[in-house]
Amino acid sequence: MYLTKLLMKEFGKFHNKEISLKPGINVIYGEAGSGKSTVKDFLLGIIYGIDRKEGISRSRSDYERRKPEDRSGYGGSAYIKKDGSNYLVERSFLAGGRKTSVLDVGSGRELRLERPDTLVGTLVETGRNTYKDTKVIETGKEEESAQAAAANLKSYLSNITLSGSASVNKQKAVEYLQEEKQKHLPKPLIRRLDELTEKIEQYDDVDGKIEEIDAELKKLDEEFVIEAEKRKRVARRLVENEDGSVTYQNDEDVDDKINKLTELREGYGAGEEAVVQEKLTDKIPVILGTGLLVICVIAAIVFMLPFDALLRKFFIIITSLYVVYIIVDGLRIKGYFDSDDDITTPDDEEFKKVLEEIKDENEKREELEFDMTFAKEYQEKKAVLKEKEKVQIDRRNERAKLKAEFNSVFKKKSELEDEIKAIDFAIARINSISDKYKKTAYSGFLLHVSDMIPGLTGGKYSEIDFDEKGNIIVTGVNGDERLERLQRRDIDRISIAVRFAAAKYLSEEALPLVIDGTGEMKNDESRKALIDYLVRMEEEQIIILTDDMRLPEFFMNSGVQANVIEL
C-alpha cells in the first residue's frame with residue numbers, strides 16, 4: 001500500500017496544501033519550521049486518526065498542536081493505492097464532528113469502516129503503535145544531547161527486543177506487577193482470620209450449654225407438674241355426707257388456680273421470644289378453602305340426584321348458609337374476631353399474680369393449709385435458668401457475628417489470592433513472551449543491525465550487543481564501547497541502522513516507510529551509505545522528510561530515482 005496524493009485542507013500551518021507522492025523514494029525537504037513533521041502527522045492522521053487524549057504527557061497533544069488556530073476547519077484527504085485499486089480517504093478531525101469516509105474510486109462505492117475512526121481492518125492491518133515502532137523513523141533532534149539520544153536508542157532497542165513494542169518496557173511492566181502483588185498480599189487478613197479463629201474457639205461450648213439448660217428447664221417443668229398434682233391432693237378436705245359417711249372433696253378454686261399456674265409455666269420467662277405454633281387448620285385460607293370444597297361437593301351430589309331445579313337450588317342455598325355459619329362460628333371460637341386488646345400473652349407478672357392469689361386465699365382459709373412454696377421456688381429456679389440461657393444465647397449470637405466476619409474476611413483473602421495468581425501468571429507470561437522476542441532478536445534482528453552499522457558508520461563500528469547489565473555495547477576499531485560514550489554523530493547513525501533493521505525485519509505489512517530527519521548524516525560518505533541502504537530496503541514507498549538541502553541533489557547525482565518535493 002502507498003499514498004499517491006495528500007491534500008491538507010486545514011491542517012497545522014497548511015491550507016489547501018497538495019503533495020503528490022509516488023511509489024519508491026520520495027524526498028520532502030525544507031528548512032526548519034517549514035512543516036515537515038506536520039506532513040508526517042497528517043499521514044498518520046489519515047490512516048489512524050488523531051485522538052485528543054494522545055500525548056497526555058506532553059504540554060500539548062497532537063490534536064492541539066496541529067489544529068489550525070485561525071480557521072474553523074480541521075481535516076484533509078488522501079489518495080491511497082492498494083492491490084491495484086485506488087481509494088479516496090477524507091477526514092475531519094474536529095472534536096464533536098469527526099468524520100471518516102473511504103471511497104473506492106474505481107467502483108464509486110463507499111467502504112464501511114471495520115473500526116471507528118481508523119483504517120485498521122479496512123485498508124491496513126497494522127496498529128498505530130506497531131507502525132510507529134517499525135515504519136516511522138524519527139532521528140534525534142539537533143538540540144538533544146548525546147546522552148539523551150543514547151538513552152532514547154537504548155530504550156527503543158531494549159523494549160523492541162524484550163517486548164516486541166518500543167512503547168512497552170518489559171522491566172517496568174514486571175516491576176509494576178510485583179508492586180501490585182505486594183499490595184494484594186493478604187497478610188493482614190490472615191492475621192485477622194487467626195484472631196477470629198481464636199475468638200470463635202472460645203464459644204465452642206455454647207451449644208452444649210444451651211442444650212444442658214434446656215434439659216434442666218424441661219426437668220424443672222416436669223417436676224413442677226408433679227408437685228402441682230401433689231398440692232391438689234393436699235388441698236382435698238373431708239366432707240360429711242347425709243348418710244353419715246365421710247369423703248374427700250377437692251377444692252375447685254385451688255385446683256383452678258394450680259391448673260392455671262401449670263398452664264402459665266410454659267409461657268413464663270419467654271417474654272417476647274414466645275412463639276405460637278399455628279396449626280394448618282387455624283389458617284383462614286385453609287378454612288375458607290375447605291368450606292368452599294364442601295359446598296362444591298354437596299352441589300355436585302345434589303345435581304346428580306333426581307331433584308327438580310327449585311329443590312336443588314333450595315338445598316344448595318341451605319347447605320351453603322350452614323357451612324358459612326359453621327366457618328364463622330369456628331373463627332369466632334378461635335378468636336379471629338377478638339380485638340388485639342383482648343389477646344394476652346402469659347408473662348412473669350401473671351404467673352406471680354396467680355401465685356399471690358393462692359397465697360392470699362390460704363391466709364384467709366385456715367382449713368386450707370398446705371405448702372405452696374414449690375411454685376415460688378419454681379419461679380426463682382426458672383428465672384435463674386432463663387438468665388443463664390440468655391447469657392448463652394448472647395454468646396451464641398456473638399459467635400454468629402464472628403463467623404460472619406470470618407466468612408467475609410476469608411472471601412476477601414480468597415479474592416486477593418486469586419489476584420496474586422493472576423499477577424504471577426501475567427509475570428510468567430510476560431517473561432515467556434520476552435524470552436521469545438529476545439531469542440528472535442539475538443538470532444536475527446541484532447544481526448541485521450550489525451550488518452548495516454559498518455556502512456552507515458564508514459566502517460568505524462561493526463557490531464552491537466547487550467552486556468549482562470542490559471547496557472548497549474558497540475564493537476568498533478578501538479574495541480567495545482558503551483553506546484552513551486559515543487559521539488552524537490555516531491549515535492545517530494547507529495540509531496538509523498537499528499530503525500532500518502526494524503522496518504525491514506520486524507514489519508509484517510507493506511506500508512509507507514517514513515523517515516523524519518536524517519540526523520548527522522550530512523556528509524557525502526554518510527549520504528551515500530544512506531541512499532545505498534534505502535535502495536536495499538526494497539520498500540514499496542519511502543518518504544524522507546529532511547532539512548538536508550543537498551540530499552535531493554545527491555539522489556540525482558547518484559543515479560537513484562527519487563520524487564523530490566520542496567516545502
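These legends go with a set of close-up views of one predicted chain.

Before the views, some housekeeping: the model is predicted, so local features need pLDDT of at least 70, side-chain atom pairs count only at pLDDT 80 or more, and totals for chains, interfaces and linings use all residues. Residues are numbered from 1 along each chain as its sequence is written, and side-chain values use heavy atoms, with hydrogens and water left out.

**View 1. The whole chain, for orientation.**
The chain has 15 helices and 16 strands; these are DSSP runs numbered from the N terminus, helices being H or I with at least four residues and strands E with at least two. Of its 567 residues, 40% count as buried, where buried means under 20% relative accessible area, exposed means over 50%, and partly exposed is in between (1.4 Å probe, protein chains only). About 33,400 Å² of the chain is exposed, and carbon and sulfur atoms supply 50% of that; the areas come from the Shrake-Rupley method with a 1.4 Å probe, and for residues only the protein chains shown count as cover. A contact is a case of heavy atoms within 4.5 Å. Take the contacts with a separation of 6 or more, and 70% of them are between residues 24 or more positions apart.

**View 2. Leucine 6 in strand S1.**
Leucine 6 is in strand S1, residues 2–11, and with 0% relative accessibility it counts as buried. What does leucine 6 contact, leaving aside its neighbours within four places in sequence? The list is Lys17, Glu18, Ile19, Leu21, Val39, Phe42, Ser77 and Ala78. Tyrosine 79 sits 73 residues away along the chain, yet its C-alpha atom is 6.7 Å from that of leucine 6.

**View 3. Strand S1 and its partners S2 and S4.**
S1 runs antiparallel to strand S4 (residues 75–82), with 6 bridges between them; strands count as paired if DSSP finds at least two bridges. In that pairing, leucine 6 faces alanine 78 of S4. S1 is also paired with S2, again antiparallel and over 6 bridges, and here lysine 5 stands opposite serine 20 of S2. S1 and S2 make a hairpin with 2 residues in between, and glycine 12 in the turn has a positive phi of about 60 degrees.

**View 4. Two positive phi values outside glycine.**
Asparagine 16 has phi near 55 degrees, a positive value in a residue other than glycine. Asparagine 16 belongs to strand S2, residues 14–20, and is partly exposed at a relative accessible area of 48%. Aspartate 117 has a positive phi too, near 65 degrees. Where is aspartate 117 found? Look in the loop between strand S7 (109–111) and helix H3 (128–134).

**View 5. The open sheet S11-S12-S13.**
Three strands make an open sheet in the order S11-S12-S13, with antiparallel pairing. Strand S11 (461–466) and strand S13 (479–482) are the edges, each pairing on one side only. From one strand to the next, the twist averages 30 degrees. Helix H4 (residues 146–162) packs on the sheet and touches S11 and S12, its direction making about 60 degrees with that of S11; axes are lines fitted to C-alpha atoms, for helices over the stretch in contact, and angles run from 0 to 180 degrees between N-to-C directions.

**View 6. Strand S12 and the residues facing it.**
Why is S12 largely enclosed by the rest of the structure? Because 4 of its 5 residues are buried. S11 and S12 (residues 472–476) pair over 5 bridges; glutamate 463 has threonine 475 as its bridge partner, and phenylalanine 466 is opposite isoleucine 472. Their hairpin has 5 residues between the strands, with glycine 470 at a positive phi near 90 degrees. On the S13 side there are 4 bridges, isoleucine 473 faces arginine 482, and a hairpin of 2 residues joins S12 to S13.

**View 7. A nonpolar patch on the surface.**
Leu311, Phe314, Ile317, Ile318 and Leu321 form the patch, together offering about 500 Å² of accessible area. Patch members have over 30% relative accessible area and no salt bridge; like charges are joined within 9 Å, and nonpolar side chains (Val, Leu, Ile, Met, Phe, Trp, Tyr) within 5 Å. A salt bridge here is a side-chain nitrogen of Lys or Arg within 4 Å of a carboxyl oxygen of Asp or Glu. Leucine 321 is in helix H10, residues 309–333, and counts as exposed at 55% relative accessibility.
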